[in-house]
Amino acid sequence: MKISSITLVVILIIPTFLSQSCSSATYSLEDIKMEKIERSSHYKEGKFLNLNKTPGFEFGNMAKTFWEFMFNNNEKKPEEMLPTQQIDFTLITNGRPGELKVTWVGHSSQILTMDGKIILTDPMYENKTALIGPSRYNGDVPLNLNELPEIDIVVISHNHYDHLNIGTIEAIHEKVKHFVVPLMVGAELENIGVPREKITELDWWEETHLFGKFMIALTPAQHFSGRGLFDRDETLWGSYVIQGPYHKVFFSGDSGYFDGFKKIGLKYGPFDYTLMECGAYNETWHTIHMFPEESVQAHIDLNGKIMQPMHWGTFDLALHDWYDPMIRAAKAADSLGVTLSTPIVGETITIDENLKTDRWWEVYTSEK
Ligand SMILES: [Zn+2]
């Protein structure tokens, strides 16, 4: 049995099996605005809830998934290194008003240079998701943290290890002006020394305005949270609308496909660019991670113009072939007339100038 299989069993199956009955938060509730949390319509008896029912694993499914883990022959990691570029921070710091640049650091970590500000999504700049978690299969993180410029905003979608990386936050927080997180996630940042005044916690559909011209809204996602065996769903999860004076971007976080995308599209669309999770799916946990065809449909529901699939090509977190997300997303995008943005890890692209749409992964797969 491979390490990654053990990891996934620990991270996904065991917490799910043990969830709901135990409560042992690892963070202090002091100073948290409990009134606001208890007012939340999707908070009940100490746990946050999805808008739709998302059943946990049933025993039959668990056994099937375990069997699949042990004996599947899928190409979960590439046989050779995929192309990457070392991040060139001079490209990131010279953003002009009216310009949107996107740099994929891998997985769900993106650097947006948007209308003159620098915004990070789910910064995860370590080579392992956790002590026993999977390692990056595509080499080291393509950036030198010493070169990281001052960051205006960091948004974090939820507290799973591959999205909220404590080592990264410790390394960068003094360079960050402001963090925006879902309800209850702020305590995790405070525990490692991020000053409370630098953290804004949002409930779904809440907005915060920063630097005069930037609006960040936390919007719903269909997922779950937890960093241990006994804290499932004690902190909120979500997606983000990031709006500057000239551009609007959607960042999906992790989510199953649900009718929330249409609601977000109606309220905040159209979007110049959507960053959509597209990877780590399985029939067994289909309600909390989308199939690639659904990621494309969600982009359409959001009224997005250009879609970049993410949450693939970095960590081995599921059972599918490493390239399956992109083969399927590309096919769905072609049939639905969606433009897919497909930078390699570390590459900085400028929307409207040098959008990359080539299907570079095909060279590294046997499937076309
Ligand atoms: Zn997650």
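Which elements do the buried residues of α8 pack against? I shall return to that point after a brief overview. Please note that the model before you is predicted.

The chain contains 9 helices and 16 strands. It comprises 368 residues, and 48% of them count as buried. Among contacts with a separation of 6 or more, 69% involve residues 24 or more positions apart.

Let me now answer the opening question. The buried residues of α8 pack against two helices, α7 (260–268) and α9 (324–336), and against the strands β12 (248–251), β13 (271–277) and β14 (304–310). Helix α8 itself covers residues 292–302, and 8 of these 11 residues are buried, so the helix is mostly covered. The buried set consists of Pro-292, Glu-294, Ser-295, Val-296, Ala-298, His-299, Asp-301 and Leu-302. Asn-303 follows the helix and has a positive phi, near 65 degrees.

I turn next to α9. Its buried residues pack against α8, β14 and β15 (339–340). Those buried in α9 are Asp-324, Pro-325, Met-326, Arg-328, Ala-329, Ala-330, Ala-332 and Ala-333. As a check on geometry, 13 residues at 1.5 Å a residue should give a span of 18 Å, because the expected span uses one less than the number of residues. The C-alpha atoms at the ends of α9 are 18 Å apart, which agrees with that expectation. Just after this helix, Gly-337 adopts a positive phi of about 70 degrees.

The sheet is my next topic. Seven strands form an open sheet in the order β8-β7-β6-β5-β4-β3-β16, and the pairing is mixed. At its edges stand β8 (199–202) and β16 (348–350); each has a single partner strand, so one side of each is left without a neighbour in the sheet. From one strand to the next, the twist averages 20 degrees.

Within this sheet, consider the pair formed by β3 (residues 100–106) and β4 (residues 109–114). These two strands run in the antiparallel sense and are joined over 6 bridges. Gly-106 stands opposite Ser-109 in β4.

Finally, there is the pair of β9 (residues 207–210) and β10 (residues 214–219), antiparallel over 4 bridges. Here Thr-208 is found opposite Ile-216 in β10. The two strands, β9 and β10, make a hairpin with 3 residues between them, and Phe-211 in the turn has a positive phi of about 55 degrees.

How values were computed
Residues numbered from 1 in each chain as written. Predicted model: local features only at pLDDT ≥ 70, side-chain atom pairs only at ≥ 80, totals over all residues. Pairing = 2+ DSSP bridges. Axes fitted to C-alpha atoms, helices over the stretch in contact; angles between N-to-C directions. Buried ≥ 20, exposed ≤ 12 C-beta atoms within 10 Å, placed from the backbone. Contact = placed C-beta atoms within 7 Å.
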